[in-house]
Each structure stands twice: as C-alpha cells, then as structure tokens.
Amino acid sequence: MSSSTQFLCPLPLPLPSNITVSSLQTKQPTSQKQSPQLITSVATTAITTILPSPKPESESRSAASWIEALRSQTRSNHFFEAIYSYIQMSMAGVEPNNFAFPTVLKAATGIQDLICGKRIYTAALKLGYTSSSVTVANTLLNMYGKCGDVGDVFKVFKRMPQKDQVSWNSMIAALCHFEEWELALKGFRTMQSERLDPSSFTLVSVALACSNLSKREGLRLGKQVHGYSLRVDDWKPFTKNALMAMYAQLGRVDDSKAIFELFGDRDIVSWNTIISSFSQSGRFYEALTLLHLMILEGIKPDGVTIASVLPACSHLELLDVGKETHAFALRNDELIGNSFVGSALVDMYCNCKLVESGRRVFDGILERRLGLWNAMIAGYAQHDFNEKALMLFMEMVHVSGLLPNTTTMASVLPACVDCEAFSDKAGMHGYVVKLGFGTDRYVQNALMDMYSRMGKIEVSKYIFDRMETRDVVSWNTIITAHVICGCHENALMLLNEMQRVEEKNHDYGNERNMPYKPNAITVMTILPGCAALAALAKGKEIHAYAIRNAFASDVAVGSALVDMYSKCGCLNLSRRVFDGMPIRNVITWNVIIMAYGMHGKGEETLELFKSMVAEGLKAILTPQVVAPYCCTQMPTAARTSCSCPTASYYALTASCANQAILTAPIASCAASIATKPNEPY
C-alpha cells in the first residue's frame with residue numbers, strides 16, 4: 001500500500017507614532033499561557049479555596065465508596081472535586097487501586113493539568129499498576145495524548161506490556177490529535193496485523209486521517225475504510241458522521257449527502273456535518289434548504305449550526321436571512337455568547353457591507369477569542385478601513401495580549417500596504433518571520449500581494465519561487481503581481497507554466513508540482529494583460545476556455561472580456577459579450593460606456609449611459625469623464641447645448657477642443673470611408 005506524501009470602541013485616532021513593528025510581541029505573555037507550575041498552583045488554589053479543606057474522616061469509608069464518589073464526580077465533569085476526593089482518600093489512608101487511578105487520571109486530563117497527571121502517574125508507578133493494569137496504562141496514554149506531546153505518547157505505548165483494542169484506539173487518536181496522519185494509518189495497519197479488530201472509535205480516527213491526506217490518496221484509502229464499515233455492518237451514528245465529514249473534506253459532497261440520506265437516526269451532529277459540508281463547498285442554497293428541513297424535523301439548531309449557516313447568508317448576501325439567524329441567537333443566551341457564532345455574525349455583516357453592524361456584534365461579546373478578532377480585522381481590511389484594521393490589530397496584541405495566527409497576518413498585511421499612516425510596511429515581513437509564519441502558504445500569498453502593490457515584483461517572485469507548497473491562490477497572486485507591475489508578457493508565461501507543471505514531475509503527492517486549473521479569478525486577472533499587449537488571439541483563447549468552464553457568465557469575467565475586446569479594437573465583439581451577460585453590475589456598464597467613448601461612438605455612449613441610469617445603477621464614470629469622448633463626435637449645435645457642471649466646464653471645453661484639433665486632419669479620410677459598405681471585422 002503506497003504511502004501518501006505526505007466593549008472597546010474603535011479608536012478614532014491615527015496610528016500612534018510610538019507603535020512600530022518592533023514593538024509587537026512575538027511571544028505569548030504569561031497571563032495568557034501559564035506555565036505548568038502555574039497551572040498546578042491554579043488547580044491547587046481552586047481545590048483549597050472553592051472546596052473545603054480536607055478533614056480526617058471520623059468514620060472509616062470503604063475503598064469502594066471512595067471509588068464510586070470519584071467515578072460520579074468525573075462522569076459529571078466535576079474534575080476538581082474528583083481530584084479533591086482523591087486527596088481526601090489518600091489522607092484517609094485508603095490506597096488507590098486500578099479502579100481509582102483511571103478515574104482520577106481522566107479528571108487530570110479534563111482540566112488539562114499535565115503536572116497533576118504526572119504526579120498521579122508516579123503514585124500508580126510506585127504501586128505497580130502501570131504494568132499490571134492495562135486500564136491504567138490506557139488512561140495514561142489518553143492523558144499524554146491530550147495533554148503531552150507525541151514523544152510521551154510513544155514512550156508510554158512502547159512500555160505497555162499488554163495492548164488491547166482500547167490501547168490502539170488511544171494511540172491512533174493521539175496521533176490524529178498531533179496531526180501525524182500517516183503514522184495514524186500505519187498504526188491502524190499494525191493493529192490489524194496483530195489480529196485486533198477495529199472498533200467504531202478506530203474507524204472515526206482513521207476516517208479523520210484519510211480526510212487530511214492528498215485528495216487522490218485520501219479517497220482511495222477512505223473508500224476502503226467505508227467498505228470495511230459496510231462489511232462489519234457498523235452503522236453507528238458517529239461512524240457515519242465521520243465518513244460524511246471525510247468525503248466532504250475530500251471534495252465529494254454528493255457522496256457525503258448519499259450517506260446522510262441512507263440512515264434515519266440523524267442527530268444534531270449529523271445535520272451539522274452535512275450543512276457545514278455544503279456551506280464549505282460553496283453550495284449555499286442547499287445548506288440553507290437543509291437547515292429548513294432540520295427545523296421541520298424538530299431538531300433545534302446549536303452554535304455549530306448557526307456558525308455553519310451564516311457563511312451561506314454572507315456569500316449570498318441574504319441580509320434578511322442573516323438577521324433572522326442573528327435574532328434566533330439573541331433569543332438563546334447560550335448561542336449569543338458563543339465566540340464561533342459571534343465570528344460568523346461579524347463576517348456575515350461585513351460581507352453584506354454593514355461593517356459597523358459587525359463591529360457592534362464584536363463589541364457585544366465579552367469573551368473574545370482569536371477567531372472573533374480575525375473576523376473583525378478581516379472585515380475592516382476587505383472594505384478598505386485599513387487604519388481601523390491596524391488599530392484593532394494593535395489593540396489585540398497590546399491590550400488583549402493575544403498572539404496573531406496565520407489568518408490574522410493574511411488580513412493585516414494587505415491593510416499595511418494601503419494605510420499611509422503605517423510606514424514600516426516591509427518590517428511586517430520580519431515580524432511574520434519572528435512569529436514562525438514565514439513558510440505558511442497563506443501568509444506567503446499575502447506577502448507576495450503586499451510587495452507587488454509596493455512595486456517590488458522581484459521580492460514577490462523570490463517568495464513564490466521558494467514556496468514549499470503552492471495552491472491556485474499562489475499562482476493567481478503572482479500572475480496578478482506581474483499584471484499590476486506591467487509585466488504582461490511574464491504574466492502570460494506564468495499562466496502557461498501554471499498548467500504545465502505536471503510535465504516536470506508526475507508525483508502528484510508533491511503539491512508544489514501539481515498542475516492547477518485556472519479559475520475565474522485567474523481569467524479575470526490575466527485578461528487585462530492581453531488588453532495591454534493587444535494580444536487578441538490569446539484573449540480569444542482565454543474567452544473560449546472561460547466558455548468551456550462556465551466562467552463567461554461570471555460578472556467579473558464578463559466585464560474583463562468586454563474591456564479586453566474593446567482595447568484590442570473589437571468593439572463589436574465587446575458589445576456582443578456585454579449583450580450576452582446574464583448579470584451586469586455598475587462596473588460592466590462603465591466598461592462598455594468607456595469602450596464606446598474611446599472608439600468615438602458619442603451618441604451610442606450617451607445612450608448607454610442613459611440606459612444604465614434608467615436601471616438604477618450609480619455611475620462610476622460620470623458625464624464629465626465621458627464627455628470629452630462624446631462631444632467631439634456630436635454635431636456643433638448639440639455640442640453647444642451640452643450642459644456640464646460649472647466646475648468642470650473649462651476643462652471639458654479644452655479637452656473637446658484638443659479632440660477636434662486632433663481629428664481635423666483625418667476628416668477627409670473619414671468622409672471617404674463613410675462611402676464604403678461596412679464589412680465584418
């Protein structure tokens with residue numbers, strides 16, 4: 001079997017001059033992430049202050065009663081009380097046994113206290129339970145898997161004299177927790193070689209590992225896992241939920257839906273899995289339909305449901321549906337305080353161009369996690385509130401003491417470029433490196449975009465050439481960088497290279513060498529390059545590609561095509577593309593108006609302008625802009641009656657005069673051409 005390759009308001013002030021990149025912290029302050037010793041002292045303080053002090057038992061209690069108390073407290077997630085009972089039990093002279101140690105180790109795991117867990121482990125080791133009881137060893141393995149590191153997990157597992165199904169399940173789950181996907185699958189194969197049958201818990205972990213492999217290898221192995229679950233008739237809800245999530249993450253949402261429709265005992269996790277699958281795959285209307293069906297079946301949405309549905313409202317700009325969802329969250333106290341729900345609400349309002357509404361949601365959440373900060377910073381940056389984005393970033397780092405992650409930096413870097421008050425733009429690159437994000441693909445994409453907009457195309461190319469892994473966004477970014485800097489020929493060469501990478505290396509497991517299919521963003525980006533070079537033949541090739549891949553109906557691609565054909569001298573083709581567009585926005589109208597103006601079609605230009613205004617669209621190209629093109633092509637009487645605002649009158653008159661002087665020498669040529677019949681281009 002081949003292995004895969006593996007309530008602070010925004011400050012209305014300019015950026016403080018004393019805040020520079022060098023003043024940003026790159027290490028988490030002690031108030032945010034405590035040392036193990038401090039964690040232990042916190043646990044001890046909680047036990048000694050919240051709970052009563054241990055008292056000698058006036059009446060002797062049996063070991064069984066102590067163990068039952070421990071189990072009851074752990075099952076109820078009262079972990080501090082369980083550890084307190086363990087201390088009392090020891091002080092009463094009752095020796096813990098192989099039933100007490102697993103329970104108290106679970107309590108230590110529940111509070112994520114590794115030091116406490118190690119002390120309990122030492123006591124179990126002295127009494128010989130770590131080698132004689134496989135249950136104690138399994139619980140210890142689980143604790144290190146959730147609180148320790150992968151090295152500790154391997155040490156404990158290796159020292160276990162006996163390994164049962166639970167041991168292997170804990171080991172595989174721990175490897176998945178540390179994102180060692182291939183090792184988890186190797187452990188699964190070794191488990192089978194030792195003739196131990198996988199359980200439902202095993203399959204859940206293995207399905208998770210498969211979903212994080214490359215698409216081809218993940219599907220190949222994931223189908224085998226699915227087949228095995230069918231052979232052993234494992235149709236437990238959590239197994240099916242794991243398989244649904246696996247197929248969705250590997251891009252097979254319809255397979256995920258097929259599993260969902262097969263079983264009837266759907267729980268809230270099943271609904272959340274399928275709704276999030278459709279939402280993350282861009283099938284937003286289907287996600288909203290599933291939410292409606294879920295409510296009809298009497299299942300109440302939880303925080304995960306809301307956080308999965310709001311992106312659909314965001315992308316479809318269904319503000320009314322988003323507000324209804326927000327109202328539902330407000331009626332449920334456990335939802336409105338949820339940081340994930342808050343992040344999704346902020347994102348939804350910002351995408352619907354209501355940034356201040358997003359900020360009000362942000363200010364109303366007291367416990368702000370990093371994801372919430374990221375959503376608000378990204379909202380500001382996407383709508384060109386760059387100074388506010390940087391101010392919020394500074395507040396997050398200096399006031400809240402949170403360290404940024406890769407998502408934060410991918411939003412902050414574009415804001416740095418467009419913010420004039422922030423001068424140390426290149427210094428942000430050093431800050432990113434200090435944080436350890438220098439090789440992160442998303443951050444590298446943002447850095448390439450930043451340097452290209454600063455005019456430093458060579459630095460963008462340097463970053464691109466040294467990327468360990470690239471995705472279609474990386475290629476789109478570097479192509480856009482060359483177009484922005486006027487290197488149009490290089491942009492077209494990169495487009496060809498993007499599709500020919502497979503000839504260099506057929507090992508598709510290596511993401512660096514995978515061929516990438518240009519998407520709508522690629523097409524929209526490269527067409528201005530064709531227009532600048534007047535490369536009509538290449539532009540037609542790209543147009544044909546857009547038609548084959550259903551990109552031509554995209555409003556952004558259509559607008560770029562209209563612009564390309566007009567600048568290549570094909571006004572009739574430009575108009576044909578415009579007339580065939582199912583959706584037109586203000587940019588599309590302005591492009592075609594400018595096209596007719598540049599081609600000297602004055603009357604047609606004004607007619608198009610009137611048609612756009614009649615549709616209720618606000619012009620970007622004002623009459624003052626198109627008038628110089630139009631007025632020279634109109635009769636003198638019409639030109640004299642052309643009313644222009646007083647502030648622009650003299651400038652327009654000068655422009656019209658210049659146009660008239662330039663066109664006078666070719667008047668006789670125009671007269672002779674007018675007598676000839678029109679011929680197709």
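The lining of the second largest pocket is a mix: 11 nonpolar residues, 10 polar and 2 charged. Here Ala, Val, Leu, Ile, Met, Phe, Trp, Tyr, Cys and Pro count as nonpolar, Asp, Glu, Lys and Arg as charged, and the others, Gly among them, as polar. You're looking at a predicted model, where local features need pLDDT of at least 70 and side-chain atom pairs count only at pLDDT 80 or more, while totals for chains, interfaces and linings use all residues. Residues are numbered from 1 along each chain as its sequence is written, and side-chain values use heavy atoms, with hydrogens and water left out.

What's a pocket? On a 1 Å grid over the protein atoms alone, it's an open set of points where a 1.4 Å probe fits, with protein on both sides within 12 Å along at least five of seven lines; lining residues have an atom within 4 Å of a point. This pocket's volume is about 550 Å³, meaning the space filled by probe spheres set on the points.

Of its 23 lining residues, D347, A375, A378, Q382 and T407 lie nearest the centre. α22 (370-382) is one of the helices that supply at least two residues each, and α22 gives the most, with 7. Helices are DSSP runs (H or I, at least four residues), numbered from the N terminus.

Now for the cysteines. How many disulfides are there? The count is 0, going by cysteine sulfur pairs within 2.5 Å. C176 misses out because its sulfur is 9.1 Å from the closest cysteine sulfur, in C210. For C487, the closest is in C485, and 5.9 Å is too far for a bond.
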